[in-house]
Amino acid sequence: MPGTQHVPRARAPRPEPPRVVPETGSLDEVRDASHHCQACPLWAHATQTVFGEGPASARIMLVGEQPGDQEDLQGHPFVGPAGRLLDRALGDAGIERGQVYVTNAVKHFKWEPRGKRRLHKTPAQREIEACSYWLEQELAREKPSVVVAMGTTALKALLDTSHVTLKDTLGRPIRHGGRWIVTIYHPSYALRVPDEAARHEAFKVMVDGMKLARELLNRPPEEPPA
Ligand code: URA
């Protein structure tokens, strides 16, 4: 068209996480800063940032995907149906919820409307990357010996997953960055498997993974494989 010119669209810049907290800042300062995060568009439709929770220097950190509907409203991770299953799995593995640090790869609820309901949507890689700053800060301050990745999104947030899948790593802990990573199914997956036997099996994988996480506390990741 005369008078117009084609200007190629610039590639969207990768969202820069706000590097607002100095290295010496406490986890509480990081948590406060996370409440102002707009590094990806998810903040606009979420009620609030849902940051991780647990005792200082917990030896086990659990990483989920993103807050769900209940978590978004209440502001705490894993307080809805998936959280209740998670608590059962922890209990069966002999771990108290109050002993572990529980967080998510993505700190805002991603959803789409379906009638009056808000339906969960899986976060995109760019949203996982935008949020990785917060997970890194949590890892740097809690310094857990074992991190349990619950589901594929958590695994992607913790590792370059071009060579591994969740299935490859179930029951096979990974040494990474001076700590262990154990993978389990995400509790929401274990809740929604339609077949009862498969649901039972998925829950068992969760419990076995938690037991493995507990055992690994006594095995430094630097030790050569047994
Ligand atoms: N699912 C998650 O991944 N995290 C939560 O906090 C709740 C449900």
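This report looks at the ligand in this predicted model and at the pocket that holds it.

**Around the ligand**

Let's start with the neighbours. One stretch of the shell is Gly64, Glu65, Gln66, Pro67 and Gly68, and the ligand is also surrounded by Glu71, Pro77, Phe78, Ala82, Asn104 and His186. Sorted by class, this shell holds 4 nonpolar, 5 polar and 2 charged residues.

Three of these neighbours place a polar atom beside an oxygen atom of the ligand, as the table shows.

| Residue | Atom on the protein side | Distance to a ligand oxygen atom |
|---|---|---|
| Glu65 | backbone N or O | 2.8 Å |
| Phe78 | backbone N or O | 2.9 Å |
| His186 | polar side-chain atom | 2.7 Å |

The protein buries 94% of the 230 Å² that the ligand exposes when taken alone.

**The pocket**

Where does all this happen? The ligand takes up space in the largest pocket, whose volume is about 790 Å³. Its lining counts 31 residues, and those nearest the centre of the pocket are Glu65, His120, His186, Ser188 and Arg192. Helices and a strand contribute here: α2 (69-74), α3 (81-92), β4 (117-120), α5 (152-158), α6 (166-169) and α7 (187-192) each give two or more residues to the lining. By class, the lining residues of the largest pocket divide into 12 nonpolar, 12 polar and 7 charged.

Two names tie the two views together: Glu65 and His186 belong to the ligand's surroundings, and both are listed among the residues nearest the pocket centre.

Terms used: Residues are numbered from 1 along each chain as its sequence is written. This is a predicted model: local features need pLDDT of at least 70, side-chain atom pairs count only at pLDDT 80 or more; totals for chains, interfaces and linings use all residues. Side-chain values use heavy atoms; hydrogens and water are left out. A residue is near a molecule or strand if one of its heavy atoms lies within 4 Å of it. A polar contact is a pair of N or O atoms within 3.5 Å; within protein, one must be able to donate a hydrogen and the other to accept it, and residues adjacent in sequence count only if both atoms are side-chain atoms. Accessible areas come from the Shrake-Rupley method with a 1.4 Å probe; for residues, only the protein chains shown count as cover. On a 1 Å grid over the protein atoms alone, a cavity is a set of points where a 1.4 Å probe fits but cannot get out, and a pocket is an open set with protein on both sides within 12 Å along at least five of seven lines; lining residues have an atom within 4 Å of a point. A molecule sits in a cavity or pocket if more than half of its atoms lie within 2 Å of its grid points. Ala, Val, Leu, Ile, Met, Phe, Trp, Tyr, Cys and Pro count as nonpolar, Asp, Glu, Lys and Arg as charged, and the others, Gly among them, as polar. Grid points are joined across faces, edges and corners, and a volume is the space filled by probe spheres set on the points. Helices (H or I, at least four residues) and strands (E, at least two) are DSSP runs, numbered from the N terminus.
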